[in-house]
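Hi,

Here is the structure I promised to pass on. Have a look at it first, and then read my notes underneath.

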Amino acid sequence: MKKGVLYGIAVLLPLVPLTAWIVGSWQQFTEPLGAAFFGLYVPARAFGLLGFVLMFYQFLLASRIPFLETVLPRAQQLKTHRTLGKVGGIMIVLHGTCMLLFDMITLGSIAFTLGKLIGIIALFLLINAVVAAWFLKALKFKLQTWRRIHYAAYVVFPLVFVHAILIGSAVRGYLAVRLLFIVLLAVYAVLLVRRLVGGQPGTKTKSPKAPKVSAPASTPEGTAGAEAPTA
Ligand code: HEM
């Protein structure tokens with residue numbers, strides 16, 4: 001596969017849920033629903049849907065998938081992983097905070113539901129992982145601590161899936177969006193099992209005498225396989 005095709009798919013995929021939602025809710029967008037609706041709720045929904053797909057990309061980029069490595073060199077995957085971590089992290093934080101603000105403005109308090117609570121827990125874990133990765137040097141974390149916090153991102157993805165299935169109008173309302181989310185979760189599950197069974201992908205040596213696999217020095221521990229996904 002050519003790099004351009006891969007990039008094309010990567011750009012188009014997040015547009016699937018977004019388009020399904022916008023086209024299906026067009027009537028609603030033409031109604032005078034107020035500044036909080038258009039300024040907070042609408043962007044929050046868009047950031048949530050986009051953030052979910054970007055989060056999925058983070059797992060792909062961190063998993064040393066042989067096919068992906070033939071299209072995108074490992075170093076470039078790690079660079080993209082870091083960039084997406086920042087972009088996706090900001091989107092997801094905006095999603096959560098805008099949703100909470102929307103509740104505060106329209107209801108005067110936060111309307112807690114199980115789905116929302118799961119979202120808040122997921123956001124908390126994700127912020128920890130993103131902050132640990134972003135401020136690694138400044139925070140002077142031990143490698144082991146950084147790893148543990150960063151790996152917490154693995155719990156976030158299924159949590160967000162449940163969160164979205166429980167309260168997401170686009171996910172609940174449109175079969176295409178629901179199917180996409182289920183497929184992404186299934187791929188995530190395969191990658192997770194692969195990692196749990198095989199350890200950190202790409203860091204194994206074939207025999208005790210085989211040389212150690214060296215990784216780009218830019219990863220905190222110099223072992224690219226330890227890179228865990230953040231949004
Ligand atoms: C403070 C934390 C969070 C709050 C308060 C929150 C709030 C909400 C609310 C109220 C909805 C339902 C919107 C609707 O359809 O009417 C929603 C949906 C959604 N949220 Fe969150 N969320 C939080 C964290 C997260 C996180 C960390 C993610 C990660 C990407 C996320 C992704 C999604 C997705 C994908 C949907 C489905 C959107 C749709 O179906 O249109 N949320 N969230």
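Below is what turned up, going from the overall fold to the ligand and then to one helix.

Keep in mind that this is a predicted model. The protein chain has eleven helices and zero strands, so if you trace the elements from the N terminus you just read α-α-α-α-α-α-α-α-α-α-α. Of its 231 residues, 32% count as buried. As for how the chain packs, take the contacts between residues at least 6 apart in sequence: 77% of them join residues at least 24 apart.

Now the ligand. There are 26 residues around it, and the ones that come nearest are Gly48, Gly96, Gly119, Gly168 and Ala170. By type, the shell splits into 16 nonpolar residues, eight polar and two charged. Which helices each supply at least two residues of that shell? They are H3 (35–62), H5 (74–107), H6 (114–134), H9 (153–167) and H10 (169–173).

Last, helix H11, which covers residues 175–198. With 24 residues at 1.5 Å a residue, H11 should span 34 Å, and its end C-alpha atoms are indeed 34 Å apart, so the two figures agree. Its buried residues are Val177, Leu180, Phe181, Leu184, Tyr188 and Leu191. What lies over them includes helix H1 (3–24), along with H3, H9 and H10. You have met three of those already: H3, H9 and H10 also each supply at least two residues of the shell around the ligand.

Cheers

Methods. Residues are numbered from 1 along each chain as its sequence is written. This is a predicted model: local features need pLDDT of at least 70, side-chain atom pairs count only at pLDDT 80 or more; totals for chains, interfaces and linings use all residues. A residue is near a molecule or strand if its C-beta atom, placed from the backbone, lies within 6 Å of it. Helices (H or I, at least four residues) and strands (E, at least two) are DSSP runs, numbered from the N terminus. Ala, Val, Leu, Ile, Met, Phe, Trp, Tyr, Cys and Pro count as nonpolar, Asp, Glu, Lys and Arg as charged, and the others, Gly among them, as polar. A residue is buried if 20 or more other C-beta atoms lie within 10 Å of its own, exposed if 12 or fewer, and partly exposed in between; C-beta atoms are placed from the backbone. Two residues are in contact if their C-beta atoms, placed from the backbone, lie within 7 Å. The expected span of a helix is 1.5 Å times one less than its number of residues.
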